Amino acid sequence: MPPPLLLLQDISLRFGATPLLSGAGLSVGAGDRVCLVGRNGSGKSTLLRIAAGLIEPDAGSRFAQPGATIRYLPQEPDLAGFATTLDYAAAGLDDGRHRALYLLKELGLSGEEDPAALSGGEMRRTALARALAPSPDILLLDEPTNHLDLPGIEWLERELAGMRSGIVLISHDRRLLERLSRQTVWLDRGATRVLDDGFAGFEAWRDTVLAQEESEFHKLGRKIAMEEDWLRYGVTARRTRNERRLGELHELRRKRRERRAAQGNVRMNAAQADLSGRLVAVAEGVGKSYGGRPIVRGFSTRILRGDRVGIVGPNGAGKTTLLNLLTGALEPDEGTVRLGTNLAQVTLDQRRESLDPEQALADALTGGGDTVNGRHVVGYMKDFLFRPEQAKTPVGVLSGGERARLTLARAFARESNLLVLDEPTNDLDLETLDLLQERLADYPGTVLLVSHDRDFLDRVVTSAIAGDGDGRWTEYAGGYTDMLAQRGAPRPAAPAPRKEARPIAPAPPPRPRRMSFADRHALETLPARIEELQARVAAYGEELGDPGLYARDPRKFGEATARLAAARAEMDAAEERWLDLEILREALEAGLS
């Protein structure tokens with residue numbers, strides 16, 4: 001197996017008293033396709049910046065092969081000091097200006113733009129061209145599809161698939177992750193877990209891990225109960241062992257007290273208004289132009305109660321203009337739009353213009369009161385994963401993901417029977433996106449949305465209105481993939497069949513109803529064996545703690561890594577075996593078996 005080009009080991013980082021990363025790791029080799037997933041705020045972007053060498057961790061090591069080129073795409077690039085977008089994209093390249101210019105043009109830029117006059121989306125596309133231009137050995141991409149339209153996302157997918165670089169990708173675009181990734185690194189509560197499979201196999205594996213964790217936590221509770229019973233009724237004359245077991249009990253209690261439970265899911269339920277009329281909107285021959293350029297021409301449609309209509313097309317095609325025409329927010333130049341009766345519309349302001357950065361989070365939800373739809377604001381905040389102590393936090397200091405959840409919370413708090421969503425998936429993590437999809441599927445009203453998220457469109461909409469160019473729009477039944485088929489475009493290839501995920505742990509054999517001689521012998525000897533294995537793990541870990549070991553002796557580094565993994569696996573198995581036998585012994589003595 002070739003050595004990694006980039007290796008992070010036991011990375012720890014704190015912000016104040018709060019640990020963000022604790023023992024995280026990342027390994028990237030030539031041609032690897034790694035997706036880095038986790039909840040908003042879990043530290044994905046921070047870990048990627050450590051990998052790029054931009055942040056020093058509090059503990060742990062970073063190794064990059066000498067001479068390996070690493071390019072990093074940040075979420076908020078800084079183009080200051082460059083005269084044009086081409087100067088920025090080609091910076092540091094001796095002969096890469098032609099490729100940089102090609103990439104800029106593919107991303108809708110000329111290369112002559114003044115960086116100081118760029119929009120946020122244009123800055124991101126320029127930074128993406130800079131990251132891709134040298135075809136680096138390692139490519140670290142933080143949300144590369146942000147501000148890309150559907151053609152741009154599909155172009156990026158093809159471009160990345162054809163590169164030889166090792167790629168680490170953070171994205172909320174499921175379709176992109178499924179098609180590109182071959183390994184998944186899950187950052188959860190500060191630590192990383194690795195699945196040797198692409199994102200298509202991740203969610204089932206994650207659910208298995210969390211279910212096993214709950215089982216282990218339950219087992220920990222039973223062990224604590226047994227230790228407490230031993231302390232009350234054990235042989236007090238064995239004072240030394242008594243004190244040691246008391247210390248172990250305190251350690252177990254500390255582990256349970258400090259256990260960082262998996263973060264819950266957002267709970268979203270839209271407040272419902274009375275039903276609208278059966279007809280929500282009827283457009284007949286609608287046209288709209290700006291400066292002589294047709295944005296919409298001759299478009300007709302009928303939207304009925306319960307429809308979920310997606311509007312798709314490249315940037316600048318007029319998606320938001322069409323959305324505003326259909327909701328009556330904009331008057332057409334020609335044709336008519338007739339709205340139905342009893343409409344209660346709520347628009348999801350995903351651009352967040354209406355959020356006052358100085359306003360407290362709770363006030364942004366209530367307008368200054370204490371309740372939201374009859375519920376106390378703190379309880380409503382918890383549904384969207386905000387902590388009670390954040391109630392007075394100014395909106396301006398919230399992260400992008402938190403502001404996205406706040407916008408959702410405000411929208412779902414208002415009574416509606418028509419939801420208008422303009423790019424609702426921006427800055428949402430995958431779990432929150434899942435729940436948004438479920439709630440929209442259960443929503444009894446009508447949904448109009450603009451989105452570039454192909455998977456989201458396939459899961460949510462009942463019809464798609466697609467731009468054909470020159471102001472022409474056509475409506476197709478079904479989701480995004482159905483639209484492609486009806487337009488005659490080839491359906492995108494399905495992701496490669498995934499490998500069977502490795503089991504988290506072998507299933508224990510059925511427990512005997514009585515302890516055998518071998519069981520009793522194991523129960524007596526396993527504690528000493530576990531202590532011996534703990535000492536070996538500590539020794540191997542100390543050996544690998546030398547940051548220069550890999551550079552000096554890659555073979556020794558590989559052997560030490562293998563010994564550490566084997567010792568940890570043996571120790572885990574021994575501890576599991578001892579605990580199973582101890583529980584069985586306790587049950588037999590209590591007459592429960």
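This dialogue goes through helix packing, strand pairing and an aromatic pair in a predicted model.

Trainee: How is the packing of two helices described?

Mentor: Two numbers serve for packed helices: the angle between the axes and the distance between them. Here, helix α12 (residues 400–413) packs on helix α13 (residues 430–442) at about 20 degrees, and their axes are 12 Å apart. Angles under 35 degrees count as roughly parallel, so α12 is roughly parallel to α13. The crossing of α12 past α13 is left-handed.

Trainee: Which residues of α12 and α13 meet?

Mentor: From α12 come Arg 405, Leu 408 and Phe 412; from α13 come Thr 432, Leu 436 and Arg 439. By class, the residues of this contact between α12 and α13 are three nonpolar, one polar and two charged.

Trainee: Now the strands. What should I keep in mind about side chains in a regular strand?

Mentor: In a regular strand they alternate between the two faces of the sheet. For a case of pairing, take the open sheet of three strands, ordered β11-β10-β13, with antiparallel pairing. Its edge strands, β11 (293–304) and β13 (334–339), each pair on one side only. Ignoring direction, neighbouring strands in this sheet are turned against each other by 15 degrees on average.

Trainee: How many bridges link β10 and β13?

Mentor: Five bridges link β10 (residues 279–290) with β13, in the antiparallel sense. Within β13, Val 337 is the bridge partner of Ala 283.

Trainee: Which helix lies across these strands?

Mentor: Helix α9 (residues 319–326) lies across β10, β11 and β13, and its direction is at about 45 degrees to β11.

Trainee: Which strands does β1 pair with near the start of the chain?

Mentor: Strand β1 (residues 6–15) runs antiparallel to β4 (residues 59–64), joined by five bridges. Leu 7 stands opposite Phe 63 of β4. Strand β1 is also joined to β2 (residues 18–28) by eight bridges, again antiparallel. In β2, Leu 21 is the bridge partner of Leu 13.

Trainee: Last, the aromatic rings. How many aromatic pairs are there?

Mentor: Counting rings with centres within 6.5 Å, there are six aromatic pairs. Take Trp 186 and Phe 202: the ring centres are 5.8 Å apart and the planes stand at 75 degrees, so this pair is edge-to-face.

Trainee: Where do Trp 186 and Phe 202 lie?

Mentor: Trp 186 is in strand β8 (residues 183–188) and Phe 202 in helix α7 (residues 202–233), so the pair ties together parts 16 residues apart in sequence.

Technical notes:
Residues are numbered from 1 along each chain as its sequence is written. This is a predicted model: local features need pLDDT of at least 70, side-chain atom pairs count only at pLDDT 80 or more; totals for chains, interfaces and linings use all residues. Side-chain values use heavy atoms; hydrogens and water are left out. Axes are lines fitted to C-alpha atoms, for helices over the stretch in contact, and angles run from 0 to 180 degrees between N-to-C directions. Helices (H or I, at least four residues) and strands (E, at least two) are DSSP runs, numbered from the N terminus. Angles under 35 degrees count as roughly parallel, over 145 as roughly antiparallel, 65 to 115 as roughly perpendicular and the rest as oblique. A crossing is left-handed if the near helix is turned anticlockwise from the far one by less than a right angle, and right-handed if clockwise. Contact means heavy atoms within 4.5 Å. Ala, Val, Leu, Ile, Met, Phe, Trp, Tyr, Cys and Pro count as nonpolar, Asp, Glu, Lys and Arg as charged, and the others, Gly among them, as polar. Two strands pair if DSSP finds at least two bridges between them. Rings of Phe, Tyr and Trp (its six-membered ring) pair if their centres lie within 6.5 Å; planes under 30 degrees apart count as stacked, over 60 as edge-to-face and the rest as tilted.
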